[in-house]
Amino acid sequence: GSGFVEDHYWLPDVVAMARVISTEDMIVDRYRHYLESGRQERYRRSKIYGMNQMEKGEVSSWVTHLWYSRKDAEIQGADVVGIAIKQNVAIGVTKLGVAIYTGSSAVFADAMHSVADVINAIYRYLGINLATRDPDYRHPYGYERLRYIFTDRSSLILLGVGGILPLIHGIQTLVSHDEPNLSSAWVMGGLFLVVGVLESPALLRSYHALRTKSKRARMSFMKYLSNGNDIINITTFVECALGVLAAGAGVASSFQYWVTGDPIYDSIASVIMATSVVAGSSLLLTKNTRALVGETLPVEFVEYLIFTLEEDDIVNSVHDVKTEVLGLDTVRFKAEIEFNAEAITRKIKNLYNIPSPESAKLLEQMRGLASEEGAEDWVMRNNAMYQTALSSELQRIEDILKRHLAEAHFKTFYIDLELW
């Protein structure tokens, strides 16, 4: 065919031809430019976050984080999820066995809830570990949002497996009046009682974790449950609370069934359990959606930070403040700062009182300006001093913000301050 034909030349021939076309100095200059352009490219890339780690091969693989978290397990919620996995495996297997033996719709609904809890807990545990990966050049703000993604999907699993499926089954048995074995009512009641007790460790652990964090955030427990950012412990608490509620409904239905012999109580309990799971998982999905879109810090706390900055003598005002919670202990703060130029200048020259030795020294310097070049040099030196002082003030303001955010128990800060 008539394709492109590539010609090949020997390197000595290429060099000889280059010497004919260009002088040796031109060739050397072009080669030097080639080398310098490569160094400049590497220098520019070194300014991009994470590029150095990538070139050194230090970017970690997500596989290494599946079952291992480098952060504090208690802070991240992995300890609570670990307890939930163990207890729900034992509870789920027992419930399925009793459901098959008794044919109870209530036990089946609760068993599906436990199956969903086991799947969700394992899935969330993986999500916690993957979210602890260090930031890299592709994700310079880290992977903290993964915990919201994994929790969102686990809530969807809970909605389907633990809510909608048992709800359909409960309604069907309510309509058809299928009767479980009456002699096993005490087995069902005993099972629900034991389940309620077994759900307690993870429930209490997550409750204490949320209680502590609600106090740190200066919120009530219920407000933190609605607006807090510890989505892992919130999800675990809601699931365990639903488990305890289901156990209570199961005990009540088993007792009524044993006393009256009417199977409708079992079906009613099944529908109540499934409905509560549907409601709870729907609320979790809504909360995760808000977190994925990106939520700000509590307005009261943002107002407190603005007030603190504007109380500083160097700061005139603060504008266009934007905050975003990127993860459990990660936050971003952006603001435009209007600095007091006079206050900065007085701080540089120590001109707090006039007349003073400092003001006399300044006047002597200005009187000593005998030429335009001298005046230009004086202006340039003072502007350079002002620029250095302004950079120092920006860093000082950033340190103030970091200190207050650390007091709110954030560990990773991304602070962007601009001049207004």
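Me: Which residues does F339 touch, leaving out those up to four places away in sequence?
Reply: This is a predicted model, by the way. Contact here means heavy atoms within 4.5 Å. Leaving out residues up to four places away in sequence, F339 touches I314, V315, N316, I344, L390, E393, L394, I397 and L419.

Me: And which residues have the most contacts inside the largest nonpolar core?
Reply: That core has 48 residues. F339 is one of those with the most contacts inside it. The full list reads L297, I337, F339, L405 and L417.

Me: Where does the largest share of this core come from?
Reply: The core in question is the largest nonpolar one, with 48 residues. Its largest share is seven residues, and they come from α11.

Me: How many residues are in the other core, the one with I91 and V98?
Reply: That core lies apart from the largest one. Among its members are I91, V98, A109 and L191. Its residue count is 16.

Me: Back to α11: are α8 and α11 roughly parallel or antiparallel?
Reply: Helix α8 spans residues 185-198 and α11 spans residues 231-260, with their axes 8 Å apart. They pack at an angle of about 160°, and angles over 145 degrees count as roughly antiparallel. So α8 and α11 are roughly antiparallel.

Me: How many residues of the contact of α8 with α11 are nonpolar, polar and charged?
Reply: α8 passes α11 in a left-handed crossing. On the α8 side the contact uses A185, M188, G189, F192, L193, V195 and G196, while α11 brings V244, A246, A247, G250, V251, S254, Y257 and W258. Sorted by type, these residues come out as 11 nonpolar, four polar and no charged.

Me: What is the phi of D320?
Reply: Most residues other than glycine have a negative phi. D320, found in strand β1 (residues 315-325), is not a glycine, yet its phi is positive. The value is about 50°.

Me: Is S282 buried or partly exposed?
Reply: S282 lies in helix α12, residues 264-293. Buried would need under 20% relative accessible area, and exposed over 50%. S282 has 33% relative accessibility, so it counts as partly exposed.

Me: What separates the C-alpha atoms of S282 and L159?
Reply: Along the chain, S282 and L159 are 123 residues apart. In space, their C-alpha atoms are separated by 7.1 Å.

Me: What share of the protein's residues count as buried?
Reply: The protein has 16 helices and three strands. Of its 420 residues, the share that counts as buried is 40%.

Conventions. Residues are numbered from 1 along each chain as its sequence is written. This is a predicted model: local features need pLDDT of at least 70, side-chain atom pairs count only at pLDDT 80 or more; totals for chains, interfaces and linings use all residues. Side-chain values use heavy atoms; hydrogens and water are left out. Axes are lines fitted to C-alpha atoms, for helices over the stretch in contact, and angles run from 0 to 180 degrees between N-to-C directions. Helices (H or I, at least four residues) and strands (E, at least two) are DSSP runs, numbered from the N terminus. Angles under 35 degrees count as roughly parallel, over 145 as roughly antiparallel, 65 to 115 as roughly perpendicular and the rest as oblique. A crossing is left-handed if the near helix is turned anticlockwise from the far one by less than a right angle, and right-handed if clockwise. Ala, Val, Leu, Ile, Met, Phe, Trp, Tyr, Cys and Pro count as nonpolar, Asp, Glu, Lys and Arg as charged, and the others, Gly among them, as polar. A nonpolar core is a set of buried Ala, Val, Leu, Ile, Met, Phe, Trp, Tyr and Cys residues joined through side-chain atoms within 4.5 Å. Buried means under 20% relative accessible area, exposed over 50%, partly exposed in between (1.4 Å probe, protein chains only).
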